[in-house]
Amino acid sequence: MRLGIPTGGVAYSRELTCSQVQSRRGFASDAGFPPHQEIGMPSLSPTMTEGNIARWLKKEGDKVNPGEVLCEVETDKATVEMECMEEGYLAKIIKGDGSKEIKVGEIIAITVEEEEDIAKFKDYSPSTSDSGAPAAKEPAAPPPKQEPVQQPVSSPEAKSKPSSPPSEDRLFASPLARKMAEDHNVPLSSIKGTGPDGRIVKADIEDYLASRGKDVSAPTPKTKDGKLEALDYVDIPHSQIRKVTASRLLISKQTIPHYYLTVDTCVDKLLDLRSQLNSLLEASGGKRISVNDLVIKAAALALRKVPQCNSSWTDDYIRQYNNVNINVAVQTENGLYVPVIRNADKKGLSSISSEVKQLAQKAKENSLKPEDYEGGTFTVSNLGGPFGIKQFCAIINPPQSGILAVGSAEKRVIPSSGPEQFQFASFISVTLSCDHRVIDGAIGAEWLKAFKGYIENPESMLL
């Protein structure tokens, strides 16, 4: 996936039409900088607030031509190649390989028109107001200057301790530095601050601990008897997709009134039909159909029959969709993706099966494009087939109003037609999570009834 970046003004992706790049033309100034272009971190999806630099394909001083790739940007959903669309030179890389959590609009590089201007940007750094990034965790500007406390002559403290050294409570230190010092039993009075006006900052604590040969990454806890107990662990950095997933699921559980409906449905006829269809497909060289493909088709047809469940809540109205686009949850090493099968109610089982396999592979390769996962109206999550989970409740994927959680098939003993006669049958448990603002309980039950009808009479899906 490539993103085109003109070296002046706003850019739009050749493939992501809604993407916008933050960039600005710089003119010659009294600071000695010739005309140049500041390139900002682009916004590549509606949910993107920050991104990472995977790697730079050009280095400082390289000539760049229109259509050449400057770098790869890791967004909340995919890795995107940034193209240059004007001839020039890459004068300065502000954010190098592996730079993380770069806010949208924050400057990542400088380009110039003339080769002789490259050296003039060797020590260039963008101003805070231009960077688009929030203030750093440690204070960038000095706090109001603290003059030595001049107590009136009548002050009892001034008279009682006129020459005592400053106490730790009066030492200037950032909150993070104080917390680290407390965790590691470090007296602040033994540290010389390097921050503004001698303020003790996080780096001062780390340098002090490093000089004592201590690991600053994890304070060693103590047991009740005072003995030190080593805690062994590894900190795994958040990926972009992990942070976005966490944020959206938290918003979902905090703002959407979930309720859950569970039903058991017999899948004997479904499994028989799948076996027959796969025999025909294998004979003709086609790919096999999975149970999940049949579930997606049944869910799509049930949404067509009960369109109230194919809706979203807004503050002013309920939006009911005419398209039935089913998101399918896919777990990868990078995190959870939900690629979309568009107009699933109108597609055949072979088409659905082929699309699911292709999108799942793209998700595992981290190469999904926005059109591969945006625009869904309902989601299906299956932990039964891959993992053998009997039943679970899924979290709604906003702005949708429903998600179907599919469990594993299991054989059960059920009564037969005659007295004291029994037979075996295979059942799966499915749980529908509903947004109660949009889907009333009776409507959710009606949808499950329709879904169960398609699963237990699968031939009706082929009509």
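This section describes one helix, several salt bridges and a nonpolar surface patch in a predicted model.

Helix H8 makes a good starting point. This helix spans residues 349-364 and contains 16 residues. From its first C-alpha to its last it reaches 23 Å, close to the 22 Å expected at 1.5 Å a residue. Its buried residues are Leu 349, Ile 352, Ser 353, Val 356, Leu 359, Ala 360 and Ala 363. Viewed down the axis of H8, these buried residues fall within an arc of 140 degrees, so they line one face of the helix. The partners against which they pack include three helices, namely H6 (268-283), H7 (291-305) and H9 (370-373). Strands E15 (330-332), E16 (335-337) and E17 (340-341) are also packed against by the buried residues of H8. After H8 comes Asn 366, which has a positive phi, near 60 degrees.

Attention now turns to the charged side chains. The count of salt bridges in the model comes to 19. One of them joins the side chains of Lys 58 and Glu 68, with an N to O distance of 3.1 Å. Lys 58 sits in the loop between strand E4 (50-56) and strand E5 (63-64), and Glu 68 in the loop between E5 and strand E6 (69-74), so this pair ties together parts that are 10 residues apart in sequence. Lys 58 is buried, because its relative accessible area of 18% falls under the 20% cut-off. Glu 68, by contrast, is partly exposed at 25% relative accessibility.

A second pair is formed by Asp 117 and Lys 120, whose closest N and O atoms are 3.7 Å apart. Here the acidic partner, Asp 117, is buried with a relative accessible area of 9%, whereas Lys 120 is partly exposed at 45%. Salt bridges with shared partners also join Glu 50, Glu 101, Lys 103 and Lys 243 into one network.

Another salt bridge links Arg 412 with Glu 410, and the closest N and O atoms of this pair are 3.0 Å apart. Glu 410 is partly exposed, its relative accessible area being 28%.

Finally, the surface carries a nonpolar patch formed by Val 413, Phe 422 and Phe 424. Together these three residues have about 380 Å² of accessible area. Val 413 is located in strand E19, which covers residues 402-415. With 54% relative accessibility, Val 413 counts as exposed, because the cut-off for that class is over 50%.

Terms used: Residues numbered from 1 in each chain as written. Predicted model: local features only at pLDDT ≥ 70, side-chain atom pairs only at ≥ 80, totals over all residues. Heavy atoms only, no water. Patch = residues over 30% accessible without salt bridge, like charges linked within 9 Å, V, L, I, M, F, W, Y side chains within 5 Å. Areas by Shrake-Rupley, 256 points an atom, 1.4 Å probe, with all protein chains shown as cover. Salt bridge = Lys/Arg side-chain N within 4 Å of Asp/Glu carboxyl O. Helix = DSSP H or I, 4+ residues; strand = E, 2+ residues; numbered from the N terminus. Buried < 20%, exposed > 50% of the residue type's maximum accessible area, 1.4 Å probe, protein only. Expected span 1.5 Å × (residues − 1). Arc of directions from axis to C-beta. Contact = heavy atoms within 4.5 Å.
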